[in-house]
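Visitor: Could you walk me through a few side chains in this protein? I would like to see the reasoning behind each answer.

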Amino acid sequence: MSTTFSTVAQAAPDGPNSPVPWWRNAVIYQVYPRSFADGNGDGTGDLAGVRSRLPYLRTLGIDAIWFTPWYSSPLADGGYDVADYRTVDPAFGSVDEAERLVDEAARLGIRTIIDIVPNHVSDQHEWFRAALAAPQGSPQRQRFWFRSGRGSGGGEPPTNWESSFGGGTWTRTTNPDGSPGEWYLHLFAPEQPDLNWNHPDVRREHEDVLRFWFDRGVAGVRIDSASMPVKDPALPDAGGDPAPGEHPFLDRDELHDIYRSWRAIADSYEEPRVLVGEVWLADPGRFARYLRPDEMHTAFNFDFMTRPWDAGELRASIQSTLDAHRTVGAPATWVLSNHDVTRPATRYGREDSSFGFAARRFGTPTDLATAHRRARAAALLTGALPGSLYVYQGDELGLPEVEDLPLDVLRDPMHFRSGGVDPGRDGCRVPLPWTATGPSFGFGAAGEPWLPQPDGWGAYSVESQERDPASMLSLYRAMLAIRHAEPGLLGDAFEWLAGTGEQTIAFRRGDLICTVHFGPEPVTLPAHTELLLASTDLTGDLLPTDAAVWLRA
Ligand code: NOJ
């Protein structure tokens, strides 16, 4: 059964009654299913757990859920190694249950976005198993990138490319007689062979998978590693300074044709489905090309997400974000974290509070009180900016990164492929605490969740925070309620407030003002008629360091 929403009519920048499609200013909550809520008590989160917590998400005030992959997967990369796109992993539930979840959420006004992973599949996917079983040069191998090695006996990989997970990007196969065979390409882990997007089967299959889920009421897809699927078929070595669009495997111009065909499919539904790109590109102009009117609707704003807690840095990122999006008429997105990066309630307390994968190390000191304070202010900053807002599960609870997980429980290939130098991404994936006490703090009936929770986790629980009007959860609820109620926060209206000083970010949207202060000395609030929300207690008209307010002008 398919669920449809009608386009919601809301106040818009170009007229009070212009219809604004829902995704232009939606609040989208990211669920990492393994760690959200465990409905069947086996220690792993699942769809039953999510269904039981839909009332919580409704009360939080979100418009949509984005699920990281729920498909059948050996979990070599937390589900981004998909074995079968038309199934739900039995650990999570079933396709029937996913449909029920989509419908139940829709009845609460919450849309569902799922993850699509076009760059690669699991090495357990039937296509790759068939390719391995077939001889060199066979049609089955042409859906992937199989090549002979270089050097004597083909013992060297076909290119010098480096994996985002560390190490090389090629793994050598073994022939049935035990002799070394061809190599296959994987930009990520060896368990994630890259698909060959020049092959018509690959294109057809993904278009079919999109329809499979769109027909089941899914409102949109988040496109994994969206700037990587197309490769230069000549497979040249990386290096030098290739012209834009001519890197051997990143941001190639041919990608846009794929997303145009996906957009046509998305647009063919009564309520058009939405494409959200995971596009990590430093050049704002190249980034914006993915958001042209016949391609994706939005893409994650990683420039903003990775900047340090610094007024100048964040102001510059906001400006360049708005400029780049204006060129293509797409709304910006604002993201503080996700399942791949260090949680803001830890990162913002570091001496260097920027985020970079290569810089992640065990034992980097942080001041958690400072980080928490800044994470509250950052929530109000992102919540007030024009465009859509992403909230990663647990950030609304102010969860810190868990940095002392025992080494023997770590699962992330980024940790292992770094030779153990990078702590990896498990610390932001620890199961959520729902209750102050009890087995796994209410995550599930099992005492032992798949990653252990810290002893003090109950203090961060939903139960504890619901009782506390000063908690992070109460702040998020209040913020999202105001965001939905205030016409000034819809649409694109945005204007910097002048004269607030280098250490303060201040802007106006309609009759609302958001001010965030970074400097050590308090500053006087801009003129206002009403204080709507503050990230901290205020004394008089002063805004202290690392704090934010929403005011009515
Ligand atoms: C980006 C995803 O967010 C990440 O978790 C995954 O490891 C890579 N893409 C590879 O699929």
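**A glutamate and some rings**

Guide: Happily! Please keep in mind that this is a predicted model. A good starting point is glycine 394, whose backbone nitrogen lies 2.8 Å from a polar atom of the side chain of glutamate 396.

Visitor: Where in the chain does glutamate 396 lie?

Guide: Two elements frame this residue: β11 (388-392) and α13 (413-417). Glutamate 396 lies in the loop between β11 and α13.

Visitor: Which side chain of opposite charge is nearest to glutamate 396, and how far away is that side chain?

Guide: Glutamate 396 is buried yet has no salt bridge. A salt bridge needs a side-chain nitrogen of Lys or Arg within 4 Å of a carboxyl oxygen. The nearest side chain of opposite charge is arginine 343, at 6.3 Å.

Visitor: Which side chain is joined to that of glutamate 396 by a polar contact of 2.7 Å?

Guide: Leaving aside neighbours within four places in sequence, glutamate 396 is in contact with several residues, including Tyr56, Leu60, Gln465 and Tyr476. Tyr29 is also among those contacts. The polar contact of 2.7 Å is made with the side chain of tyrosine 29.

Visitor: Let's turn to the rings. How many aromatic pairs does a search of the whole structure find, and what is the geometry of phenylalanine 165 with phenylalanine 188?

Guide: The search of the whole structure finds 34 aromatic pairs. Phenylalanine 165 and phenylalanine 188 form one with centres 5.1 Å apart and 70 degrees between the planes. Planes over 60 degrees apart count as edge-to-face, and this pair is edge-to-face.

Visitor: How many residues apart are phenylalanine 165 and phenylalanine 188?

Guide: Phenylalanine 165 is in the loop between β4 (146-147) and β5 (170-174), and phenylalanine 188 is in the loop between β6 (180-185) and α6 (200-214). Both phenylalanine 165 and phenylalanine 188 are buried. The pair links distant parts of the chain, 23 residues apart.

Visitor: Why is the pair of tyrosine 259 and tyrosine 290 called tilted?

Guide: The ring centres of tyrosine 259 and tyrosine 290 are 6.4 Å apart. Planes under 30 degrees apart count as stacked and over 60 as edge-to-face, with the rest tilted. The planes of tyrosine 259 and tyrosine 290 are at 50 degrees, so the pair is tilted.

Visitor: Which ring does the charged end of arginine 53 sit over?

Guide: A charge over a ring must be within 6 Å of the ring centre. The charged end of arginine 53 is 4.1 Å from the centre of its ring partner, tryptophan 434.

Definitions and conventions: Residues are numbered from 1 along each chain as its sequence is written. This is a predicted model: local features need pLDDT of at least 70, side-chain atom pairs count only at pLDDT 80 or more; totals for chains, interfaces and linings use all residues. Side-chain values use heavy atoms; hydrogens and water are left out. Helices (H or I, at least four residues) and strands (E, at least two) are DSSP runs, numbered from the N terminus. Buried means under 20% relative accessible area, exposed over 50%, partly exposed in between (1.4 Å probe, protein chains only). Lys and Arg count as positive and Asp and Glu as negative; His and the chain ends are not counted. A polar contact is a pair of N or O atoms within 3.5 Å; within protein, one must be able to donate a hydrogen and the other to accept it, and residues adjacent in sequence count only if both atoms are side-chain atoms. Contact means heavy atoms within 4.5 Å. Rings of Phe, Tyr and Trp (its six-membered ring) pair if their centres lie within 6.5 Å; planes under 30 degrees apart count as stacked, over 60 as edge-to-face and the rest as tilted. A charge sits over a ring if NZ of Lys or CZ of Arg is within 6 Å of the ring centre and within 35 degrees of the ring normal.
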